[in-house]
Amino acid sequence: MSERKFQERLDAARAPLGAAQGHGGLVLFHAAPSLWSKAVRLALAEKGAAATAHEMQILGRRFDAGHPAYVRLRLDGIDGRPMVDGFSGRASVRHDGIDPAAVPALVDPAAERVILDPLRMLDHIAALPGPDLSPQRLRTEIARETALVDAAPFEALPYGAHPGGDTRPEPLREAVRGVHDARIRKMMEGRSLSIGHPRLIAAYDAAIRKEAAAKVFAQSAELMRGAVEEVLTLIEGLDTRLADGRQWITGEAFTLADVAWAAALGHLASLGLDIAWTGGHALNGAPRNHVAAYATRLAARETMRAAGLERPGTSARAKPAAATLPMPAARRLHEPLAGHGRDVRDDTLTAAVLATFRDTPNPRAKKVLSAFTRHLHAFLEEVEPTEEEWEFAIEFLTRTGQLSVGGRQEFILLSDVMGATARVDLINHRFPSGATENSVLGPFFVEDRPVFDNGADISGPIKGEKMFFNAKVLDTDGKPIVGARIDIWHADGDGGYDILNPEIDEAAMRGLFRSDPAGRFWFTSVLPASYPIPEDGTVGDLLRIAARSPVRPGHVHVRIEAPGFRRLTTMLFLEGDPYLDADPVFGVKQSLVESFEKKTGVRAPDGRAVPSPAWCVAYDFVLARKDR
Ligand SMILES: [Fe+2]
């Protein structure tokens with residue numbers, strides 16, 4: 001990846017997060033409740049190292065760690081390791097793989113490195129100038145201790161409780177309520193914004209599977225019991241190692257092992273689980289005095305405060321939760337209800353259903369629901385489906401919905417092939433005569449596209465016969481519109497779009513232009529060809545049942561926006577294409593069919609030579625004013 005591209009990724013990941021704290025070479029994405037975020041902050045503080053820190057929301061509704069720009073940045077650090085699959089209670093890259101939507105992430109822009117494994121982050125920080133946190137002679141022991149923290153199920157603890165007692169403070173319990181579902185929704189959103197980016201889609205799928213498994217884990221008394229008991233045993237073991245009176249875990253020197261344990265003990269204290277060393281609790285009766293003294297020594301370090309760590313000596317233990325919670329008032333079920341009456345029969349059913357919408361307060365909703373009822377019942381009366389046919393219809397729609405995940409939207413496709421999309425387009429884009437006709441947007445427009453100067457070749461690495469596109473943007477009086485924003489996107493000579501092409505990573509055959517002072521814009525690309533819409537779903541079945549062609553005639557998509565004018569979304573079709581009269585999505589209009597002629601020695605409006613030969617098209621796009 002180029003340095004510029006890397007910087008763009010980094011900037012994009014920071015963008016949704018707003019202001020950062022601190023400054024310096026390293027960039028840290030972290031969150032307050034995350035154990036390894038705490039450890040990395042502490043290691044940086046111990047080193048006195050500068051870093052730009054971006055606080056991520058992982059408990060609230062925002063869930064920054066699910067933002068596509070951040071997930072994309074994390075994919076740059078994946079380094080061939082597997083992605084997370086399920087949830088083990090840990091946040092261990094080594095044991096569980098990469099979680100593409102997790103914190104922390106440490107970025108070293110100078111080295112163009114994105115580090116996702118917290119243990120590697122600690123090593124990276126240890127190599128910075130400053131106190132030696134990883135002396136050579138202690139490395140084996142340090143690695144053993146940090147691995148213990150890494151392998152323990154600390155990650156599960158904030159989200160659930162041991163069935164024998166919930167020690168978590170009430171605000172935390174409140175904050176994690178519904179958090180898994182909120183994250184899944186957020187990641188579904190991110191996934192649907194990642195159309196055409198298979199790596200991102202796969203990353204979201206992994207993260208969503210993990211989140212769903214984490215929810216099951218948190219709700220399982222058995223798994224949560226296991227996690228808490230494992231942690232209690234771990235603290236018991238720590239107590240044994242500290243029993244010889246050593247000051248720090250590996251002896252007299254404060255090392256990365258203490259950094260990891262400080263974060264772990266701070267994490268436990270924030271969950272009220274410092275009972276692991278204070279004792280006197282139903283879950284743990286025995287105090288662990290060596291750990292308690294160690295926690296006090298850690299708490300005394302200046303760096304703990306600088307790193308924003310809970311002092312592991314202080315408990316955040318919950319007060320017992322109130323025994324009763326206010327319940328929403330139950331609906332009174334026995335009130336008399338003015339209804340549609342009983343004894344509904346053949347000739348009264350439709351009227352009975354319509355009557356149920358009579359009191360719909362929103363007049364628009366009332367109109368829509370009533371009309372839908374009338375047409376649905378008329379349809380059923382006309383076709384008189386058998387029960388098997390009706391089951392088939394329900395199953396067809398169910399499958400259509402199930403196919404509509406991520407980049408795939410089978411329902412839109414169904415709307416397209418039924419002409420519903422074209423109908424809605426016609427209803428909403430009745431432009432005055434003289435203005436260019438609108439057409440459907442289609443599924444291949446993406447916001448993330450490069451900006452070009454007029455005359456650019458936008459084909460990128462795509463090979464094919466050259467096309468020269470020479471156009472003007474005019475108002476309905478024929479005057480040029482200067483500075484209009486023009487989006488172009490189209491398929492290649494095999495009918496394929498860049499975002500579906502696994503061999504290329506960058507945008508191709510798409511870009512954003514501006515019209516010049518004469519209202520002109522022009523560019524070179526490759527000539528597009530006709531292509532079939534996806535045929536492997538329910539819509540494909542429908543087309544096969546009807547013996548319809550799935551092939552769209554070749555076209556170039558154009559979208560033009562200019563202040564004071566209505567946005568034009570349209571496409572230009574290639575005259576002579578054999579599929580012009582059978583467009584499966586009904587997008588073709590005669591006014592949008594134009595001849596593309598193969599020419600040699602053509603010059604662009606600025607006098608520069610156009611690749612020769614090129615398929616040339618000239619077209620005037622006319623925009624309607626907003627006030628007409
Ligand atoms: Fe298209």
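## Exercises on contacts and salt bridges

V622 touches G434, A435, T436, L474, D475 and T476, leaving aside residues up to four places away in sequence. Keep in mind as you work that this is a predicted model.

**Exercise 1.** Find the strand that holds V622 and decide whether V622 is buried or exposed.

*Solution.* Start with the secondary structure: V622 lies in strand β15, which covers residues 614-623. Next, look at accessibility. The relative accessibility of V622 is 12%, and buried means under 20%, so V622 counts as buried. Finally, turn to K472: the C-alpha atoms of V622 and K472 are 8.3 Å apart in space, with the two positions 150 residues apart in sequence.

**Exercise 2.** Which parts of the chain does the salt bridge between K589 and D425 link?

*Solution.* First check the pair itself: the closest N and O atoms of K589 and D425 are 3.7 Å apart, and the cut-off for a salt bridge is 4 Å. Then place each partner. K589 sits in the loop between β12 (568-574) and β13 (593-594), while D425 belongs to helix α19 (residues 420-428). These are distant parts of the chain, 164 residues apart. As a last step, inspect the surroundings: K589 and D425 are both buried.

**Exercise 3.** Work out where D498 and R510 lie, and whether they are buried or exposed.

*Solution.* D498 and R510 form a salt bridge, with 2.8 Å between the closest N and O atoms. D498 is in the loop between β6 (485-490) and β7 (510-514), and R510 is in strand β7 itself. The two residues are 12 apart in the chain. Both D498 and R510 turn out to be buried.

**Exercise 4.** Why are D541 and R544 separated by about one helical turn?

*Solution.* Begin with the helix: D541 and R544 both belong to α20 (residues 538-545). Because they are three residues apart in that helix, about one helical turn separates them. Their side chains meet in a salt bridge, at 3.0 Å from N to O. For accessibility, D541 has a relative accessible area of 25%, so it is partly exposed. R544 is partly exposed too, with a value of 49%.

**Exercise 5.** How many salt bridges does a search of the whole structure find? Which residues does one network join through shared partners?

*Solution.* The search of the whole structure gives 33 salt bridges. For the network, follow the shared partners: D166, R168, E170 and R173 are joined into one network in this way.

Key. Residues are numbered from 1 along each chain as its sequence is written. This is a predicted model: local features need pLDDT of at least 70, side-chain atom pairs count only at pLDDT 80 or more; totals for chains, interfaces and linings use all residues. Side-chain values use heavy atoms; hydrogens and water are left out. Helices (H or I, at least four residues) and strands (E, at least two) are DSSP runs, numbered from the N terminus. Buried means under 20% relative accessible area, exposed over 50%, partly exposed in between (1.4 Å probe, protein chains only). Contact means heavy atoms within 4.5 Å.
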